[in-house]
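Hi,

Here is the structure I promised to pass on. Have a look at it first, and my notes follow underneath.

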Amino acid sequence: MIRTMPYGVESPEPGGPAMIEAVSFGSITIDGKTYTSDILFFPDGRVADAWRRRAGHRLSMADIAPLVAAEPEVIVAGCGVSARMVPDSGMAGALARQGIEFFAAANGEAAEIFNRHCGRRKTGACFHLTC
């Protein structure tokens, strides 16, 4: 059974897969732990915080290389609360050629997309927590 959490994000019952419980400007809560720096969220539930991109608000393949190396079926990019982080053109195509479905959206929508896919498919994510 799934219960609705703040910001319209869904969270599983205890013991389910790691899911995003809440997002707001400057923070994201995953399984009860709140992070206040940008993150990579791996399909096995690990979170790498203090994630940085090479070019500020641009998201490149190099930025998500550790996530791609984990061989997810899906990658969700949380592009900030106002979606100011922009994936490089061609990123979705490059990931598709590797068999990875790619979604990019503002953080609230990205969290919902992530939660819909995790537990069903091997899903990873990256989140820019501010703009």
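The charged end of R46 sits over the ring of F42, 4.2 Å from the ring centre; "over" here requires CZ of Arg or NZ of Lys within 6 Å of the ring centre and within 35 degrees of the ring normal. R53 does likewise with W51, lying over its face at 4.9 Å from the ring centre.

Before you read on: this is a predicted model, where local features need pLDDT of at least 70 and side-chain atom pairs count only at pLDDT 80 or more, while totals for chains, interfaces and linings use all residues. Numbering starts from 1 along each chain as its sequence is written, and side-chain values use heavy atoms, leaving out hydrogens and water.

Searching the whole structure turns up one aromatic pair. The ring centres of F41 and F114 are 4.8 Å apart with planes at 25°, so they count as stacked (Phe, Tyr or six-membered Trp rings with centres within 6.5 Å, planes under 30 degrees apart). F41 is in strand 6 (residues 39–41) and F114 in helix 3 (residues 107–117), so to speak a link between distant parts of the chain, 73 residues apart (helices are DSSP H or I runs of at least four residues, strands E runs of at least two, numbered from the N terminus). Both F41 and F114 are buried, meaning under 20% relative accessible area with a 1.4 Å probe, protein chains only.

There's also an open sheet of three strands, order 3-4-5, with antiparallel pairing (pairing takes at least two DSSP bridges). Its edges are strand 3 (20–24) and strand 5 (33–35). Strands 3 and 4 (residues 27–30) share four bridges, and I20 has I30 as its bridge partner in strand 4.

Cheers

Methods. Rings of Phe, Tyr and Trp (its six-membered ring) pair if their centres lie within 6.5 Å; planes under 30 degrees apart count as stacked, over 60 as edge-to-face and the rest as tilted. Buried means under 20% relative accessible area, exposed over 50%, partly exposed in between (1.4 Å probe, protein chains only).
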